[in-house]
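Here are a few exercises to help you find your way around a new structure. Try each one yourself before reading the solution.

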Amino acid sequence: MNVDVLVVGAGLAGLRTATLLARRGHDVLLAERRSRLDVAIRTTGIFVRRSLEDFALPEDCLGPPIRRVLLYPPSRRGPVTLLSAHDEYRVADMAGIYADAARTATAAGVRVRLGTRYDGRGLESYLLTGPDGPVRVRARYVVGADGARSRVARDLGLDRNRHLLAGAEEIFPIAGSDQPLAFHCVIDPRLAPGYLAWVIDDGKHAHVGVAGYPDRFPDGMRRALARFAATAPGLDGVRRSDVVERRGGPIPVGGVLRRISCVDGLLVGDAAGAVSPLTAGGLDPCLRMSEQAAAVLDDALRSGRPDPLAHYDGADLRARFRSRLLLRHGLARVRTPALAAAGIALLRTSPGRAAARRILFG
Ligand SMILES: Cc1cc2nc3c(=O)[nH]c(=O)nc-3n(C[C@H](O)[C@H](O)[C@H](O)COP(=O)(O)OP(=O)(O)OC[C@H]3O[C@@H](n4cnc5c(N)ncnc54)[C@H](O)[C@@H]3O)c2cc1C
């Protein structure tokens, strides 16, 4: 098979990049190893204000707007409450978002191949293994949208993520909740070492999760999640029925990688490390980076030369994350409950509150 661009991975980054390229008239093949896009989802699906304002996300897949954030110390007593004048977050039905994005990709002309794994690179082609067996694909360019542990990055000799958190969450229905909508975040290194534990809802389901450095959970991430889920804040009066879904996965927090392109292709989304090192939000970067990736690939395909790919440079993008990388180092050092409580106490001061508002409502 011959194509202009082979995109590996049908997460948000791959679906968006493939669609933008097909809309510009290029022949695009999108290979995804999962046979359905509504299984093995690896995100809570919180979209931030910037994404909600700048991108046309399907309204029927978005939960109600959230303007309130509560930051709790390990004791859970006296949280710092931040209220925004704007709709800051909406939790999406991600199965619906992916289904909508796949329909849009197909309508734009992308050949979407589910159940098809990228298995490596030969001298002149890429090897895919699909439902009908192996296929060799010749592509002018390949896009690695294959997540935090990208095989494409390895095969192209590009940079790879080394600083990873692990996250896991449980989702259950919240029929009958009369709680005001809020994003509850608990800073407690025993539950979420180096990051935070959260509760948020999409109007129909609560998402309860923890994330942190995998080797620092005192008794493993699954146990930390079970402990947190049993006492998580914001769920008083909510009848907790059975868990309907479990999600989890790695989160790259080392900042955008430096070498994310070469003459044969480029990386987008988690594969490129495009996740905020502090908040671990990766959905907005996926959408923005895909636009940039599609633009340089379009230039390269039209000019018949790979030179435009050299402008797709992670070092430039990385500079924008500098302050967040510094704050990430700070958060990584919060190793005891006492330090976490002291951090929350700082957030009660007016400079602390202003800094928290900038990070959470930025
Ligand atoms: C628990 C958790 C919660 C999160 N919550 C949020 C949140 O609420 N908001 C936010 O902004 N960010 C969140 N993030 C981060 C965010 O989800 C990611 O940054 C984003 O989804 C990355 O999208 P992606 O398209 O780059 O990668 P992915 O969504 O990981 O997609 C990669 C795709 O590539 C496929 N693939 C991999 N290898 C191959 C192969 N060899 N062949 C074919 N296909 C392959 C995978 O099956 C997958 O579908 C969260 C992350 C985790 C782990």
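**Exercise 1.** Which residues does the UniProt annotation "domain: FAD-binding" cover?

Start with the record: the unreviewed UniProt entry places this annotation on residues 3-163. Now turn to the model, which is a predicted one. In it, the end C-alpha atoms of residues 3-163 lie 34 Å apart. As for make-up, that span is 24% helix and 31% strand.

**Exercise 2.** Work out how the protein is divided into domains, and how those domains meet.

First, the pieces: domain 1 takes in 1-42 + 94-162 + 253-320, and domain 2 takes in 58-91 + 164-252 + 323-362. Next, the spacing: their C-alpha centres are 29 Å apart. Then the contacts: 19 residues of domain 1 touch 18 residues of domain 2. Finally, sort the domain 1 side of that meeting by class, and you get eight nonpolar, seven polar and four charged residues.

**Exercise 3.** Describe the shell around the ligand.

Count to begin with: 38 residues surround the ligand, and Gly9, Gly11, Thr43, Gly269 and Gly282 come nearest. By class, the shell holds 13 nonpolar, 14 polar and eleven charged residues. Now ask which elements chip in: α1 (12-23), β8 (117-121), β11 (164-173), β15 (245-252) and α6 each supply at least two residues. β15 gives the most, with four. Both domains take part too, since domain 1 and domain 2 each provide at least three shell residues.

**Exercise 4.** Find the residues that touch the most other members of the largest nonpolar core.

This core has 106 residues, and the ones you're after are Leu30, Val143 and Val268. Helix α6 (residues 283-303) makes the largest contribution, nine residues. The core also draws at least three residues from each of domain 1 and domain 2. Zoom in on Leu30 next: leaving out residues up to four places away in sequence, its contacts include Val7, Ala10, Ala18, Val110 and Val112. Two arginines, Arg111 and Arg113, are on the list of contacts as well. As background, nonpolar side chains tend to be buried together in soluble globular proteins.

**Exercise 5.** Is arginine 24 buried, partly exposed or exposed?

Locate it first: arginine 24 sits in the loop between α1 and β2 (28-31). Then count neighbours: 16 other C-beta atoms lie within 10 Å of arginine 24. Being buried takes 20 or more, and being exposed takes 12 or fewer. So arginine 24 is partly exposed.

Methods: Residues are numbered from 1 along each chain as its sequence is written. This is a predicted model: local features need pLDDT of at least 70, side-chain atom pairs count only at pLDDT 80 or more; totals for chains, interfaces and linings use all residues. A nonpolar core is a set of buried Ala, Val, Leu, Ile, Met, Phe, Trp, Tyr and Cys residues joined through C-beta atoms within 7 Å. Domain bounds come from an automatic or database domain assignment. Two residues are in contact if their C-beta atoms, placed from the backbone, lie within 7 Å. A residue is near a molecule or strand if its C-beta atom, placed from the backbone, lies within 6 Å of it. Ala, Val, Leu, Ile, Met, Phe, Trp, Tyr, Cys and Pro count as nonpolar, Asp, Glu, Lys and Arg as charged, and the others, Gly among them, as polar. UniProt positions are given in the numbering used here, feature names are shortened, and annotations may be inferred rather than shown by experiment.
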